[in-house]
Amino acid sequence: MASKQIEKAMEGLVVLIADSNAYTRRLTRTMLTNLGAKALYEANDGVAALDAIRSVNPDVMIMDWDMPILDGREVMRIVRSPGVFPKPNVPIIMLSDRGLR
């Protein structure tokens with residue numbers, strides 16, 4: 001029962017995947033597709049991510065910390081700036097391959 005509810009919720013979700021690594025974008029897209037997501041959009045750098053936010057108006061964004069031109073932190077700062085974007089409260093899931101002890 002719960003899996004059907006998740007699948008139904010995922011069907012209407014607009015997801016933006018912003019990552020400079022094509023393999024990571026493909027892997028994320030595949031996982032989301034397997035969960036039932038249909039509206040998936042991709043950006044390969046920070047500037048493309050900002051453009052996609054304006055045009056796609058995503059419900060959620062999955063973004064890499066390390067991207068060229070504008071990194072994830074800079075994109076987050078711009079998106080969260082009052083009056084700059086139409087949807088400054090879009091949920092953002094930040095990914096990183098950096099690890100520290």
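Is R25 buried or exposed? In this predicted model, R25 is buried, with a relative accessible area of 13%, a value that falls below the 20% under which a residue counts as buried. This arginine is a useful place to begin a walk through the structure, since R25 lies in helix α2 and also takes part in a salt bridge with E42.

In that salt bridge the side chains of R25 and E42 meet at 3.0 Å, taken from N to O. R25 belongs to helix α2, which covers residues 22-34, while E42 belongs to strand β2, which covers residues 39-43, so the pair ties together parts that are 17 residues apart in sequence. The two partners do not share one level of accessibility, for R25 is buried, whereas E42, at 35% relative accessibility, counts as partly exposed. The pair also belongs to a network of salt bridges, in which R25 and E42 are linked with R29. Leaving aside residues up to four places away in sequence, R25 touches I17, D19, S20, E42, A43 and N44.

From this arginine the view can be widened to the helix that carries it. Helix α2 has 13 residues and reaches 18 Å from its first C-alpha to its last, close to the 18 Å expected at 1.5 Å a residue. R25, T28 and L32 are buried in α2, and, seen down the axis of the helix, its buried residues fall within an arc of 70°, so they line one face of α2. The general geometry of helices helps to read this pattern: an α-helix has 3.6 residues a turn, so residues three or four places apart point the same way. What covers the buried residues of α2 includes helix α1 (2-11) together with the strands β1 (14-18), β2 and β3.

Both ends of α2 have a local feature to inspect. At the start of the helix, a side-chain oxygen of N21 reaches to within 2.8 Å of the backbone nitrogen of Y23, and just after the helix G36 takes a positive phi of about 110°.

Among the elements that cover α2 is strand β1, and five of the five residues of this strand are buried, so β1 is largely enclosed by the rest of the structure. V14, L16 and A18 point one way from the strand and V15 and I17 the other way, and all are buried. I17 has already appeared as one of the residues that R25 touches. Strand β1 pairs with β2 in the parallel sense over five bridges, and within this pairing L40 of β2 is the bridge partner of V15.

The structure holds five salt bridges in total, and two others can be set beside the pair described above. One joins the side chains of R54 and D51 at 3.3 Å, N to O; these residues are three apart in helix α3 (residues 46-56), and are thus separated by about one helical turn. D51 is partly exposed, with a relative accessible area of 43%. Another joins the side chains of K87 and D59 at 3.5 Å, N to O, and this pair links distant parts of the chain, because K87 sits in the loop between α4 (72-79) and β4 (92-95) and D59 in the loop between α3 and β3 (60-64), 28 residues apart. K87 counts as partly exposed at 26% relative accessibility, and D59 likewise counts as partly exposed at 29%.

Methods. Residues are numbered from 1 along each chain as its sequence is written. This is a predicted model: local features need pLDDT of at least 70, side-chain atom pairs count only at pLDDT 80 or more; totals for chains, interfaces and linings use all residues. Side-chain values use heavy atoms; hydrogens and water are left out. A salt bridge is a side-chain nitrogen of Lys or Arg within 4 Å of a carboxyl oxygen of Asp or Glu. Helices (H or I, at least four residues) and strands (E, at least two) are DSSP runs, numbered from the N terminus. Buried means under 20% relative accessible area, exposed over 50%, partly exposed in between (1.4 Å probe, protein chains only). Contact means heavy atoms within 4.5 Å. The expected span of a helix is 1.5 Å times one less than its number of residues. The arc is that of the directions from the helix axis to the C-beta atoms. A polar contact is a pair of N or O atoms within 3.5 Å; within protein, one must be able to donate a hydrogen and the other to accept it, and residues adjacent in sequence count only if both atoms are side-chain atoms. Two strands pair if DSSP finds at least two bridges between them.
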